[in-house]
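Me: Could you walk me through reading a protein model, feature by feature? I am happy at the bench but less so with folds.

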Amino acid sequence: MSKKSAYITGASSGIGEAFAFSLADNYNLVLIARNELKLQQIAKELRNKTEVEIILADLSTPEGIGKITSLLESDPELDLFVNNAAYGSMGNFVDREIEEEVNQLQLNVMAVVRLSHAVLKNYHSRKHTGNLINVASMVGFFPTPTSVIYGASKAFVKNFSESLHEENKPFGITVQVLCPGFTRTEFQDRAGFQKENLPDFVWMDSKAVVEESLNSLKKQEAVCIPGVLNRSTATIVDMIPGEILRILSGFVVKK
Ligand SMILES: NC(=O)c1ccc[n+]([C@@H]2O[C@H](COP(=O)([O-])OP(=O)(O)OC[C@H]3O[C@@H](n4cnc5c(N)ncnc54)[C@H](OP(=O)(O)O)[C@@H]3O)[C@@H](O)[C@H]2O)c1
């Protein structure tokens, strides 16, 4: 029997790369990002385990998204899609370059919406009980002054994915929203986030995040918050009055 396929966006580093390594035993892989050299290096390491196709696509553009949606229309082996590519930015909204912020929304939100739609169309047309993981963030649980667009984009992905989970559960399709906290990747450097100010114990590594996500997927859970600290934070955040939460979250994000 031929292996099923898993697609991973943002597979050239961090959490996406960790998904690629974890899934290689059980899936043929389609790895998507912009950095060809890094994708080639990852593919080279994995090709002794499985078939790996790499696709160069800028998912903040309609052309980049279109490349992937047209593949999804006709892939009879699709079983798992991981919407992982995203980036963040720091600074007061008013001081940010608006085109850059809108570009961030295109990737973090519009690509996730369009690709989720194409994936679910594929599963429903084949009556296939496949899986979709959308990567949000702990910042989707609270306001994020000085990272306004990023926080709002992740709150969208969280709400969107939980709703999709409920809609698709009756068809045996699992939609998971993965909400990592601080994870050691290239993310903070790209976003201009001062990671040196944070203590060691708040950090997870990508491999541990992915392991928890895939275990949670086996249990068909809607929300995966990896790490005890992140789960406790999410519980506490739920109990904090909004006004205090806004002030506290501003302090943490600015730090
Ligand atoms: N690290 C954290 O602390 C943390 C916490 C919570 C949530 N997250 C979420 O985890 C996910 C993965 O981030 P990460 O931490 O692994 O960061 P990362 O190391 O910076 O990886 C981001 C990935 O997204 C790809 N990407 C960026 N812009 C793209 C574009 N326009 N088109 C296609 N691909 C693009 C990058 O590849 P190319 O540059 O090659 O395109 C890279 O593979 C994101 O959704 C992020 O929001 C991260």
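**Reading the fold together**

Reply: Gladly! Let us begin with one pair of strands: β4 (residues 78-83) and β5 (residues 131-135) pair in the parallel sense over 4 bridges. One bridge to look for is that of L80 in β4, whose partner in β5 is N131. Please keep in mind throughout that this is a predicted model.

Me: What is the order of the strands in the whole sheet?

Reply: A good habit is to walk across a sheet from one edge to the other. Here the sheet is open, has 7 strands and reads β3-β2-β1-β4-β5-β6-β9, with parallel pairing. The edges are β3 (52-56) and β9 (223-224), each of which pairs on one side only.

Me: Which helices pack on that sheet?

Reply: Helix α1 is one of them, and it touches β1 (4-9), β2 (27-33), β4 and β5. Its direction makes about 165° with that of β1. Helix α7 (residues 206-218) also packs on the sheet, where it touches β5, β6 (174-178) and β9. The direction of α7 makes about 150° with that of β6.

Me: How should I read the side chains along a strand?

Reply: The general idea is that in a regular strand the side chains alternate between the two faces of the sheet. For a strand to explore, take β1, which runs parallel to β2 and is joined to it by 6 bridges. I8 of β1 has L31 as its bridge partner in β2.

Me: Why is β1 described as largely enclosed?

Reply: Count neighbours: a residue is called buried when 20 or more other C-beta atoms lie within 10 Å of its own. In β1, 5 of the 6 residues are buried, so the strand is largely enclosed by the rest of the structure.

Me: And how many residues of α1 are buried?

Reply: For α1 the count is 8 of 10, so this helix too is largely enclosed by the rest of the structure. The buried residues are G14, I15, G16, E17, A18, F19, A20 and L23.

Me: Where does D79 lie, and what does it contact?

Reply: D79 lies in strand β4. It has 19 other C-beta atoms within 10 Å, so it is classed as partly exposed. Leaving out neighbours within four places in sequence, its contacts are K4, S5, A6, G130 and N131. For a sense of scale, D79 and E243 are 164 residues apart in sequence and 43 Å apart in space, C-alpha to C-alpha.

Me: Now for helix against helix: how do α4 and α5 pack?

Reply: Look at the angle between the axes, and then at the distance. Helix α4 (residues 98-126) and helix α5 (residues 148-168) pack at an angle of about 10°, with axes 9 Å apart. They are therefore roughly parallel to each other.

Me: Which residues meet there?

Reply: From α4 come E101, Q104, L105, N108, V109, V112, S116 and L120. They meet I149, Y150, S153, F156, V157, L164 and N168 of α5. By class, the contact holds 9 nonpolar, 5 polar and 1 charged residue. When you look at spacing along a helix, remember that residues three or four places apart point the same way, because an α-helix has 3.6 residues a turn.

Me: What surrounds the ligand?

Reply: A shell of 30 residues, the closest being G10, G14, R34, N35 and A86. Two elements give two or more residues to this shell, α1 (14-23) and α6 (187-191). The largest share, 3 residues, comes from α1. In class terms, the shell has 13 nonpolar, 12 polar and 5 charged residues.

Me: Which residues other than glycine have a positive phi?

Reply: T146 is one example, with a phi of about 75°. It sits in the loop between β5 and α5. Q220 is another, with phi near 55°, and its place is the loop between α7 and β9. With 15 other C-beta atoms within 10 Å, Q220 is partly exposed.

Me: What does G250 touch?

Reply: Not counting residues up to four places away in sequence, G250 touches P145 and T146. G250 belongs to helix α9 (residues 242-254). The C-alpha atoms of G250 and T146 are separated by 7.2 Å, although the two residues are 104 apart along the chain.

Key: Residues are numbered from 1 along each chain as its sequence is written. This is a predicted model: local features need pLDDT of at least 70, side-chain atom pairs count only at pLDDT 80 or more; totals for chains, interfaces and linings use all residues. A residue is near a molecule or strand if its C-beta atom, placed from the backbone, lies within 6 Å of it. Ala, Val, Leu, Ile, Met, Phe, Trp, Tyr, Cys and Pro count as nonpolar, Asp, Glu, Lys and Arg as charged, and the others, Gly among them, as polar. Axes are lines fitted to C-alpha atoms, for helices over the stretch in contact, and angles run from 0 to 180 degrees between N-to-C directions. Angles under 35 degrees count as roughly parallel, over 145 as roughly antiparallel, 65 to 115 as roughly perpendicular and the rest as oblique. Two residues are in contact if their C-beta atoms, placed from the backbone, lie within 7 Å. Two strands pair if DSSP finds at least two bridges between them. A residue is buried if 20 or more other C-beta atoms lie within 10 Å of its own, exposed if 12 or fewer, and partly exposed in between; C-beta atoms are placed from the backbone.
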